[in-house]
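Me: I'm new to reading protein structures and could use some help. Can we go through one together, feature by feature?

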Amino acid sequence: MGLKRYVAKRVAHAAVVIYIVATVVFFAVRAIPGDPARVLLGGDANADAIAALREDMGLNQPLYVQYLRWLGDLVRGDFGQSVFNDQPVLDMLLGVAEPTASIAALGMVIAILIALPAGIVSSVKRYQWEDYVATAVSFVGISMPGFWIGIVLLLVFSARLGLVPAFGYVSISEGIVPWFKHIILPAIAVGLPYGGILMRMTRSSMMDVLNEDYMRTARAKGLSNRLVLFKHGLQNALIPIITIAGILLGVLLGGVVAVEVVFGIQGLGRLLIASIERRDFPVIQGAVIIISFIFVAMNLLVDILYTSINPRIKYGGGE
Amino acid sequence: MTPRTPTQGSTREEPLLEVENLRTSFPTDRGDVTAVDGISFGVDTGEIFGIVGESGSGKSVTALSILGLAADGEVEADAIRFRGEELSTREMSAVRGGEISMIFQDPMSSLNPVMTVGEQIAEVVRHHGEVGESTGILSELRRKYVTGTSDSSRSWQRAVELLDTVGIPDPEQRANEYPHQLSGGMKQRVMIAQALAGDPSLIIADEPTTALDVTIEAQILNELFELRDEFGVSIVLITHDLAVVRETCDRVAVMYAGELMETARTETLFDEPTHPYTKGLLRSIPRVDDDREWLNAIDGTVPDPFNRPSGCPFRDRCDAAFELCSEPLDRYDATGTDHEVRCHLQHDAVDIDDGEPVVEGSLHSRLDGTETEPLDERSGVVEPGGERQ
Ligand code: SF4
């Protein structure tokens, strides 16, 4: 199977996944106790006003009608309007997607930059001090939740040292440096736990590879140690690492949501939490769909990457 | 010092590879395991030299130790000489893959699954030949991860040529394939091409046909033969298969529990086996259609590596064992030239009387004087010449 057909197949697959997620979310938000009309109008609003608003929002119609209508709109790219402020949901989501994407991407880069070198050093120098240091650091990363790391970073680098701003977000369009200063701490906070796991994976994967017969063959060819490691070993070691990295993307995205709250960044995560509090059904649905879309898309990328570094696998699996 | 009949100066010319008193041990939680225990041999130019032994006898470790590839092993040797010159560890790593190359047992796992077979051969050409292509780490990594190896580079063309030499059809196309796309026999041919790529004068082949089926085995052995005839390379063939030895080797050494028991020309070994272990082996060569492990025919098991007996390691299984056998072993010349046997029966002072070995008076009394030490305190490894480590 060629790359094109493979991608087409996977995109269709992704569409099905997103449809299922969207449907589950549609019914799940309606199972949350609390009437949006009542929440919107406040606890002491009179019954007539609430009834009128419910009529207006279409909440009086049977659930299946609501569902089909919503689905029809969705297919046409219409995510509906916020019941809270009447803004189109899609605009609201796109408005907050940039900080979330920035933090996730930089967090991922940081995780990889830490995990790969540390994991490789750890495996080559196993049971020596380099390995113990790297292992200790990775366990710190794994065992502390991202938001907690975020709070500690905030206290040290913003509150005490004043190196970077503590709150808020500046768009990349207003300059790379201010943008970077605002997201570096949140990115570290999400990157460390993810990188910690990735480093352990790299270490064990590389250790397996070091024991492989083909590594001995490479040494028997008279190649230098570095060449044996990076030319013959690295790509083989990356194969399982990439798989795990893809599976753990959920951990990373979950981390971003919590970290946005800590750093007061108006991102997808904070919008989602605020919308749940307001029972703002259309926004909740839209946010979850977007997040699952990002997750599916990134996994597709991981799969393509995986296939391209492992010649034993053809696109679409199978030998 | 123990009694010793010095090995006579060989009439052969200087060997290509000479190994003197090679010892390899592996540290483990339970103490050191001695895998190779003071072996010496030489390999002549253009010769196929067999090292035969059961699994665990230390024959593979011997090969890896010579090349400096015994991963955690502690390797010591009085000398490892190549073309008459002693090689330091560093010099050995320069020669490795070029002048001396190696073919491994399992071609399925010994080739890198994520590199084309062409590149796996071409990189050897670049490192050991003179094709004027950079072998710096950056150039190599660029080739690996960015550009690939150019089809028009000399190293690649040489790789294609070598694939042709070892009998792979359609070599241009095959060079671009990955190991999993080739059959087992073809993979082993690729291993051979890879071993040839550095223009070696010596190839060490560790069980090169064990992982292959019988028809392919014959082809691969033939291939090795032709290499010797065409390029004059010497081959050290490590195997557990006496039938293979008989068909291919000029000389052969029989290895048991880390020691070379008997070294002789192949005809001599098969016609006049002298060491009791060799005799046992030859009695147990199975018929062609018999797949049994040939070693089961000798009663008993190999000595516990953590608790090796002093003296002859074959003592517990040997029918002919007698009083001298707990003494450190030495090399003796047996009948004819080039025939060395490590067995006390060959000692000058030992006579066979009525089928029973008899130790001559003088030696016997001297031995009595040294026998005061209880045996179980003497588990140390014993070297030829009698010094205990
Ligand atoms: S030295 Fe003794 S035990 Fe060893 S093979 Fe010879 S006779 Fe047998």
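Reply: Sure, let's start with chain B. Among its contacts between residues at least 6 apart in sequence, 66% join residues at least 24 apart. Keep in mind that this is a predicted model.

Me: What is the matching share for chain A, counting contacts with a separation of 6 or more?

Reply: In chain A, residues 24 or more positions apart account for 71% of those contacts.

Me: Next, secondary structure. How many helices and strands does each chain have?

Reply: Chain A comes to 13 helices and zero strands. From the N terminus on, its elements read α-α-α-α-α-α-α-α-α-α-α-α-α. Chain B has 13 helices and 15 strands.

Me: And what can I say about the overall extent of chain A?

Reply: Picture a box laid along the principal axes: the C-alpha atoms of chain A fill one of roughly 85 × 55 × 35 Å. You can also look at charges. Chain A has 25 positive and 21 negative ones, and their mean positions are 15 Å apart.

Me: How do I read "buried"?

Reply: A residue counts as buried when its relative accessible area is under 20%, and as exposed when that value is over 50%. In chain A, buried residues make up 45% of the 319 residues. In chain B, they make up 56% of the 389 residues.

Me: What do the chains show on the outside?

Reply: Chain A exposes about 15700 Å², with carbon and sulfur atoms supplying 67% of it. For chain B the exposed area is about 17300 Å², and carbon and sulfur atoms supply 45% of that.

Me: Can you take me through single residues? Is Met199(A) buried or exposed?

Reply: Met199(A) is found in helix H8 of chain A. Its relative accessibility is 2%, so it counts as buried. To see what surrounds a residue, skip its close sequence neighbours and list the rest. Leaving out residues up to four places away, Met199(A) touches Ala115(A), Ala118(A), Gly119(A), Ser122(A), Ala134(A), Thr135(A) and Ser138(A). Take Ser122(A) as an example: it sits 77 residues from Met199(A) along the chain, yet their C-alpha atoms are separated by 8.8 Å.

Me: What about Ser205(A), and which residues does it touch?

Reply: Ser205(A) lies in helix H8 (residues 176–210) of chain A. Ser205(A) counts as buried because its relative accessibility is 4%. With residues up to four places away in sequence not counted, it touches Ala237(A), Pro240(A) and Ile241(A).

Me: Now one from chain B. Where does Gln194(B) lie, and which residues is it in contact with?

Reply: Gln194(B) lies in helix H8 (residues 184–196) of chain B. Its relative accessible area is 4%, so it is buried. Check the chain letters among its contacts: leaving aside neighbours within four places in sequence, they are Thr217(A) and Lys221(A) from chain A, plus Leu111(B), Gln120(B), Ile121(B) and Val124(B) from chain B.

Me: How do I read a whole helix this way, say H1 of chain B?

Reply: Go along the helix and ask which residues are buried. In helix H1 (residues 59–66) of chain B, seven of the eight residues are buried, so the helix is largely enclosed by the rest of the structure. The buried ones are Lys59(B), Val61(B), Thr62(B), Ala63(B), Leu64(B), Ser65(B) and Ile66(B). Just after H1(B), Gly68(B) takes a positive phi of about 70°.

Me: Why would I pay attention to the sign of phi?

Reply: Because most residues other than glycine have a negative phi, a positive value in one of them is worth a look. Asp86(A) is such a case: not a glycine, but with a positive phi of about 65°. Its place is in the loop between helix H4 (63–75) and helix H5 (89–124) of chain A. Asp86(A) is exposed, since its relative accessible area is 57%.

Me: What is the story for Arg279(A)?

Reply: Arg279(A) has a positive phi near 55°, again in a residue other than glycine. You'll find it in the loop between helix H12 (268–277) and helix H13 (281–309) of chain A. With a relative accessible area of 17%, Arg279(A) is buried.

Me: Last one: how do I read domains?

Reply: Look at where they fall along the chain and how they meet. Chain B is divided into domain 1 (17–254) and domain 2 (257–382). Their contact takes 28 residues from domain 1 and 31 residues from domain 2. Between them they bury about 2600 Å², 59% of it on carbon and sulfur atoms.

Terms used
Residues are numbered from 1 along each chain as its sequence is written. Chains are lettered from A and ligands numbered from 1 in the order in which they are written. This is a predicted model: local features need pLDDT of at least 70, side-chain atom pairs count only at pLDDT 80 or more; totals for chains, interfaces and linings use all residues. Side-chain values use heavy atoms; hydrogens and water are left out. Helices (H or I, at least four residues) and strands (E, at least two) are DSSP runs, numbered from the N terminus. Buried means under 20% relative accessible area, exposed over 50%, partly exposed in between (1.4 Å probe, protein chains only). Contact means heavy atoms within 4.5 Å. Accessible areas come from the Shrake-Rupley method with a 1.4 Å probe; for residues, only the protein chains shown count as cover. Lys and Arg count as positive and Asp and Glu as negative; His and the chain ends are not counted. The place of a charge is taken as NZ of Lys, CZ of Arg, CG of Asp or CD of Glu. Domain bounds come from an automatic or database domain assignment. Buried area is the accessible area (1.4 Å probe) that two parts lose on being put together, summed over both.
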